Amino acid sequence: MDTENRNDWYKAAEKWEVDFVDRFGKQLGIIINPSKKVDKCAPDLYILKGSIVADLKVQRTPFFKSEKEYNIPPQYCWTFNVSDLFDYSVRYSDRLVILIWVKYDQDLEDYGVKVAAEESIYATSLFNLKKLILDEGKVHHYIRRGNDTNGNAYGSHTLDLRRIKKLETKCNKI
């Protein structure tokens, strides 16, 4: 998938949302947000207990250079677009839940760095995510997006998943 083509990512995200709910919906008490039928930009998911909306972030490829560049091992580095933080902050309450689905289907290696196969789900509120970003303050700037005119973020916050709550789910028991 072309990392610079937003439409490709939007199409993939719709499939990932359905896959996530099919796999973990009953276990976590989550459904696809009914508001998405009328507003494609609405948060992806709805948490039944608590009546809270949530957005799903899927990470399928590790940031292999994260330890060298930001002192975060690739197994635990999550990248979150700067533009998403701005958008969430303007559109939603700090109660918004962000679910991070890390899904590495097999052991991976690149740049001489190995990352083990993993499937885990992490959860944080927008409020806690903002605090974490203020504490860590690391932004990875994308070289190919310096003069982007397609609406792509210029960079992403690099965050250590060990500082975010990992949910106990059946996927953790692989």
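This section describes the fold elements, nonpolar cores, helix packing and selected residues of a predicted model.

The protein chain contains four helices and 11 strands. Of its 174 residues, 44% count as buried. Among the contacts in the protein chain with a separation of 6 or more, 61% are accounted for by residues 24 or more positions apart.

In soluble globular proteins, nonpolar side chains tend to be buried together. In this model, the largest nonpolar core comprises 20 residues. The residues with the most contacts inside this core are Trp78, Phe80, Ile98 and Ile100. Two or more residues are given to the core by each of strand 4 (77-81), helix 3 (82-91), strand 5 (97-104) and helix 4 (126-136). A second core, separate from the largest one, has 15 residues, including Leu45, Ala54, Ile121 and Ala123.

The surroundings of Trp78 were examined with residues up to four places away in sequence left out of the count. On that basis, Trp78 touches Lys57 and Gln59, together with Ile98 and Ile100. The contacts of Trp78 also include Leu129, as well as His157, Thr158, Leu159, Leu161 and Ile164. Ile98 and Ile100 thus appear both among the partners of Trp78 and among the residues with the most contacts inside the largest core.

Two of the elements that contribute to the largest core, helix 3 and helix 4, also pack against each other, at an angle of about 135° and with their axes 11 Å apart. An angle of this value makes helix 3 oblique to helix 4. The crossing of the two helices is left-handed. On the side of helix 3, the contact involves Leu85, Tyr88 and Ser89, which meet Leu126, Lys130 and Ile133 in helix 4. By residue class, this contact of helix 3 with helix 4 consists of four nonpolar residues, one polar residue and one charged residue.

Helix 3 also holds Ser83. With a relative accessibility of 33%, Ser83 counts as partly exposed. Ser83 and His157 are 74 residues apart along the chain, and their C-alpha atoms are separated by 9.9 Å. His157 is also one of the residues touched by Trp78.

Tyr104 is located in strand 5, an element that gives residues to the largest core. The relative accessible area of Tyr104 is 2%, so this residue is buried. When residues up to four places away in sequence are not counted, Tyr104 touches Gln59, Arg60, Thr61 and Pro62, and also Pro74 and Gln75. Its other contacts are with Val115, Ala116, Ala117 and Glu118. For Tyr104 and Ala116, a sequence separation of 12 residues corresponds to a C-alpha to C-alpha distance of 7.6 Å. Gln59 is a contact of Tyr104 and also a contact of Trp78.

Glu119 lies in strand 8 (residues 118-125). The relative accessibility of Glu119 is 7%, and Glu119 therefore counts as buried. Glu119 and Tyr104 are 15 residues apart in sequence, with 6.2 Å between their C-alpha atoms.

Most residues other than glycine have a negative phi. Ser51 has a positive phi of about 50° although it is not a glycine. Ser51 is placed in the loop between strand 2 (45-47) and strand 3 (52-59). At a relative accessibility of 48%, Ser51 counts as partly exposed. Tyr111, likewise a residue other than glycine, has a positive phi near 55°. The loop that contains Tyr111 runs between strand 6 (108-110) and strand 7 (113-115). Tyr111 counts as exposed, with 55% relative accessibility.

A further loop residue, Lys40, is found between strand 1 (30-32) and strand 2. Lys40 has a relative accessibility of 61% and counts as exposed. The C-alpha atoms of Lys40 and Glu14 are separated by 9.9 Å, and the two residues lie 26 residues apart along the chain.

Note on methods: Residues numbered from 1 in each chain as written. Predicted model: local features only at pLDDT ≥ 70, side-chain atom pairs only at ≥ 80, totals over all residues. Heavy atoms only, no water. Core = buried A, V, L, I, M, F, W, Y, C linked by side-chain atoms within 4.5 Å. Buried < 20%, exposed > 50% of the residue type's maximum accessible area, 1.4 Å probe, protein only. Contact = heavy atoms within 4.5 Å. Axes fitted to C-alpha atoms, helices over the stretch in contact; angles between N-to-C directions. Parallel < 35°, antiparallel > 145°, perpendicular 65-115°, else oblique. Left-handed = near helix turned anticlockwise from the far one by under 90°. Nonpolar A, V, L, I, M, F, W, Y, C, P; charged D, E, K, R; others polar.
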